[in-house]
Amino acid sequence: MEAAFVVPLLLVIIIGVIYLGFFLHDSLSMQVIIQRNLREAAEHIRYCGNLETKEIFYPKIYKKINKTQLEKELEALLKKELEKGLFLTAIEEIQAEASLFSVKVTYITRFKVSFPGVQHLFPNGQLPKEEKAIIYNPMKTLRSIGGLADVESRI
């Protein structure tokens, strides 16, 4: 009687811990890959570089870039990198947004393998997430502070 109750309970607990381990692995892997690529995209916006080869084009520093092209490149690069290395989750959709001050990626994941009961915790079996990187440009900050100092001296 006791074994009939304890053994299934232990199996469920062990499988749940393994499932949680795979889920955490996938979550952290996605976060690391996306944060690394967001940082590189921010540097691309700041210094006008190539996302795929990680080169910086020094003659074009601080020139305007095509944001829609950068967003498409970032989405394609993230899809390519996130296809491998995930155990339980799959990427449903990736959407990138770039501006002068930040780069944001919104992505939706779904579970490839679902543990009974886990699917009900997430609407439609999907888990939406968002990551953001801020583009810090010290020269623009210093210029704006200098502009404020000029206004202050005139008052």
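**Exercise 1.** Which residues do ring pairs link into a cluster?

*Solution.* The model is predicted. Start with the search of the whole structure: three aromatic pairs turn up. Take one of them, tyrosine 19 with phenylalanine 111. Their ring centres lie 6.5 Å apart, and the planes meet at 40°. Planes under 30 degrees apart count as stacked and over 60 as edge-to-face, so the rest are tilted. The pair of tyrosine 19 and phenylalanine 111 is therefore tilted. Now take phenylalanine 23 with phenylalanine 111: 5.8 Å between centres, 40° between planes, again tilted. Put the pairs together: Tyr19, Phe23 and Phe111 form the cluster.

**Exercise 2.** Find which parts of the chain the pair of tyrosine 19 and phenylalanine 111 ties together.

*Solution.* Locate tyrosine 19: helix H1, residues 2-47. Locate phenylalanine 111: strand S2, residues 102-111. The two parts are 92 residues apart in sequence, so the pair ties them together. Phenylalanine 23, in helix H1, also pairs with phenylalanine 111 in strand S2, 88 residues apart.

**Exercise 3.** Are tyrosine 19 and phenylalanine 111 buried or exposed?

*Solution.* The cut-off for buried is under 20% relative accessible area. Tyrosine 19 has 11%, so it is buried. Phenylalanine 111 has 8%, so it is buried too. Phenylalanine 23 is also buried.

**Exercise 4.** Which element has the lowest mean pLDDT, and which the highest?

*Solution.* Begin with the chain: its average pLDDT is 79, and 68% of the residues score at least 70. Then turn to the elements. Helix H3 (residues 138-154) has the lowest mean, 63. Strand S1 (residues 89-98) has the highest, 88. Where pLDDT is low, predicted coordinates should not be read in detail.

Note on methods: Residues are numbered from 1 along each chain as its sequence is written. This is a predicted model: local features need pLDDT of at least 70, side-chain atom pairs count only at pLDDT 80 or more; totals for chains, interfaces and linings use all residues. Side-chain values use heavy atoms; hydrogens and water are left out. Rings of Phe, Tyr and Trp (its six-membered ring) pair if their centres lie within 6.5 Å; planes under 30 degrees apart count as stacked, over 60 as edge-to-face and the rest as tilted. Helices (H or I, at least four residues) and strands (E, at least two) are DSSP runs, numbered from the N terminus. Buried means under 20% relative accessible area, exposed over 50%, partly exposed in between (1.4 Å probe, protein chains only). pLDDT is the predictor's confidence in each residue, from 0 to 100.
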